[in-house]
Amino acid sequence: MVKTYDLASRRRRIIATFIDFILVPSLTLLFVLILGVIEDPEDFTDRWWIVHILLLAIFSYLLLNGFLLRKFGQTIGKAIMHISIVKSEPNNNGLYYLNLLPIWKILFIRAMFFPLLYMIVIPWFMFAPIIDQILIFGKNRRCLHDYLAGSVVVYLSK
Amino acid sequence: MSFANLDSSECKTSLEKSKHKFSYSSGWGIDQSNTRYQNKSLINKKNADSLKLKWVYGLNHKTPRSYPLITEDTIFIGDNYRGLVALDRETGCERWLYKHDGFFSSAILSGTIEDKKILIFADRFKGIYALDATNGEFIWEAKVTDEILPMYSGTPLVVKDKVFVPVASMEVTLAMNYFYGCCKSSGGMAAFDLKSGELLWYLPTIKEEAGLINSHFWFVQEYGPSGAPVWSSPSYDYELDWIFFGTGQNYSHPTTNTSDAIFAVDAKDGSIMWTRQYTKNDLYTAACNISENHPNCANPMGLDVDFGAPTILTKSLSGQKLLIAGQKSAEIHVMDRFTGKPLWTKKLGQGGIIGGVHWGLAVNEALSLLYVPISDKEALGFTYPGESKPGLYALDISTGDNKWKYSRASRCDDIECTYGLSGAIIATNDIVVSGSMDGFLEIISADKGKLLWSYDSWKDFDSINGVVTNGGAFDAHGPMVADDLLMITSGYSYVGSQKGGNAFLVFQLEQEN
């Protein structure tokens, strides 16, 4: 018999997102510090320092979450909270199988929304993460990025 | 007097009539001595109260920082992130626009290349530009390549075939970044060829190469010495062929003896004739605005009392040639021009981040008076020892004796409406014109310090170009006078919590019928 899973609670999803929200920039800043990408005046003679930081942020995201996402459909935050990204294909009982979403959908659709979270501190731009996240309060507990990627997040009960 | 509202076709007609024979200023300081005394003026004590608003031009930015150049028929002014505009002096309509996506930091200067009139201006971050004054066509642009991140905050000075360019550094604000290793750059003075824009010489104010001095967060390496930026236009002595200018504070250890100092430099080759330091060990960057414990805020933090205002060359009634410098510490220093030997120093207020003396003084040689605007406004939460004494002071040039002081209460208790004179002033005939941070443009009698006329600019205006326009604080380069016209930009939102605005105001003496 194939095991089925129920939707993750909103509380678990929000805490998982918060953990990732802190971890990714922390590792990025560590790389920025070690590599000195904004340490010298030469770094500011053009705008490439912005690209350098962006690339380090993407690298940090993949370093922290790449393996877990590929293997288990989880980021570190989701692993800690025992939740996982799966395909939105419920059975007749409204439960989900552990059908992992293809990695390309995770990276090129779902993960594209992650940087939007940081816009929450910028007036006007804050509407982008709000619009994405507010849908989680719907019946299906799916954010905008879930609808676009065809995913849901389930609780991996012990 | 009413607002003119001409269409562009009428403007083009007026362009054809443009003579452009002369201008009403030869630099930021009206003359190359930086006296800020306008002798081509009809405004005086008797008629000042008949000044009326003639027209208003709506600028593109709430912190305009361009000082106009006036000719017999045109007003040139920089409009941030839009370009340099040539306005019909009579109507304010736009003759032409040189599109420029940048921040104008200087006065507009006039020069001549083989009988062709040109305009020079500084973009704070991009460099120096030369345009054809008749149509705004680009001629050349120049940058200082000896420094990594030069900032062109001060107005250049055109003398004969040279353009002298004061150089500061962007590191003063980059230091706010915790991951930045402060600081490697020096301030300096550069001379460019007026015709080609080619660099002729560059004089850094700190000769020593910055070396590794420390590190923070394990990985971020700190450097020094650094700083001693030049924020303002030099003054030029024709007889000596020297230029004079002041410097700012150091950014990082070790401190140098060229920070918060006055330089006398040979205009031919940039060799130093003498320097005199007035404040030692002044260390400060914008990192200190965040916290004194910021790794890029040197310990001990200094008072940031640089020489932001240009030096003035003048002479006493007895004919003694003097050099005057106003400091953000609210001190006035008067020196012998040839040696830099101090003759007298006077402290007028408590000083501060935006002065004390911030942008500029003025002189009336006939009255032997030096006019000193004092800001003394608390900015960025820094408090300075002593009592705040904002206002306009008149000092005897020879002795430093205080002849009069004009001051008044602030508009209201909010920090935005604090009274104080941060912006530069101008003197003409028997009056002095000042704009205050709480938005009043005022004319004061030159001999007694009495208020003759006042205009409240904190309002909305119907601009000639249809841009939504409001007034704000008077700051930065201050007022300009030409014949029967008085003009100034109202609005300046910067480190002093001033009120932003975008109004370029042109007043005119009411004509008698």
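This report describes the fold, strand pairing and backbone geometry of chain B in a predicted model.

Because the model is predicted, local features are given only at pLDDT of at least 70 and side-chain atom pairs only at pLDDT 80 or more, whereas totals for chains, interfaces and linings use all residues. Residues are numbered from 1 along each chain as its sequence is written, chains are lettered from A and ligands numbered from 1 in the order in which they are written, and side-chain values use heavy atoms, without hydrogens and water.

**Overall form**

Chain B contains three helices and 40 strands; these are DSSP runs numbered from the N terminus, with H or I over at least four residues for a helix and E over at least two for a strand. The radius of gyration of chain B is 22 Å, which agrees with the value near 24 Å expected for a compact globule of 513 residues (C-alpha atoms are used, and the globule rule is 2.2 Å times the number of residues to the power 0.38). Along the principal axes, the C-alpha trace spans about 70 × 45 × 45 Å.

Of the 513 residues, 65% are buried (buried is under 20% relative accessible area, exposed over 50%, and partly exposed in between, with a 1.4 Å probe and protein chains only). Contacts, defined by heavy atoms within 4.5 Å, often link distant parts of the sequence: among those between residues at least 6 apart, 59% join residues at least 24 apart.

**Strands S24 to S26**

Strand S25 (residues 321-326) of chain B has five of its six residues buried, so it is largely enclosed by the rest of the structure. Strands are counted as paired if DSSP finds at least two bridges between them. S25(B) is joined to strand S24 (residues 312-315) by four bridges in the antiparallel sense, with B:Leu313 opposite B:Leu323. The two strands form a hairpin with five residues between them, and B:Gly319 in that turn has a positive phi of about 95°.

S25(B) also pairs antiparallel with strand S26 (residues 331-336), over five bridges; here B:Gly326 has B:Ile332 as its bridge partner. This second hairpin has four residues between its strands, and B:Ala330 in the turn has a positive phi of about 75°.

**A five-stranded sheet**

An open sheet of chain B has the order S1-S32-S33-S34-S35, with mixed pairing. Strands S1 (37-38) and S35 (451-456) stand at the edges with a single partner strand each, so one side of each has no neighbour in the sheet. Within this sheet, strands S33 (residues 431-435) and S34 (residues 440-445) run antiparallel and are joined by five bridges; B:Ile431 stands opposite B:Ser445.

**Backbone geometry in loops**

Most residues other than glycine have a negative phi, and most peptide bonds are trans. The table lists departures from this pattern in chain B.

| Site | Value | Loop |
|---|---|---|
| B:Gly224 to B:Pro225 | cis, omega near 5° | B:Pro225 between S17 (220-224) and S18 (226-227) |
| B:His253 to B:Pro254 | cis, omega near -10° | B:Pro254 between S21 (250-252) and S22 (261-266) |
| B:Tyr81 | phi near 60° | between S4 (74-79) and S5 (83-88) |
| B:Trp218 | phi near 70° | between S16 (211-216) and S17 |

B:Tyr81 is partly exposed at 40% relative accessibility, while B:Trp218 is exposed at 79%. B:Pro385, in the loop between strands S29 (369-374) and S30 (391-396), is likewise exposed, with a relative accessible area of 61%.
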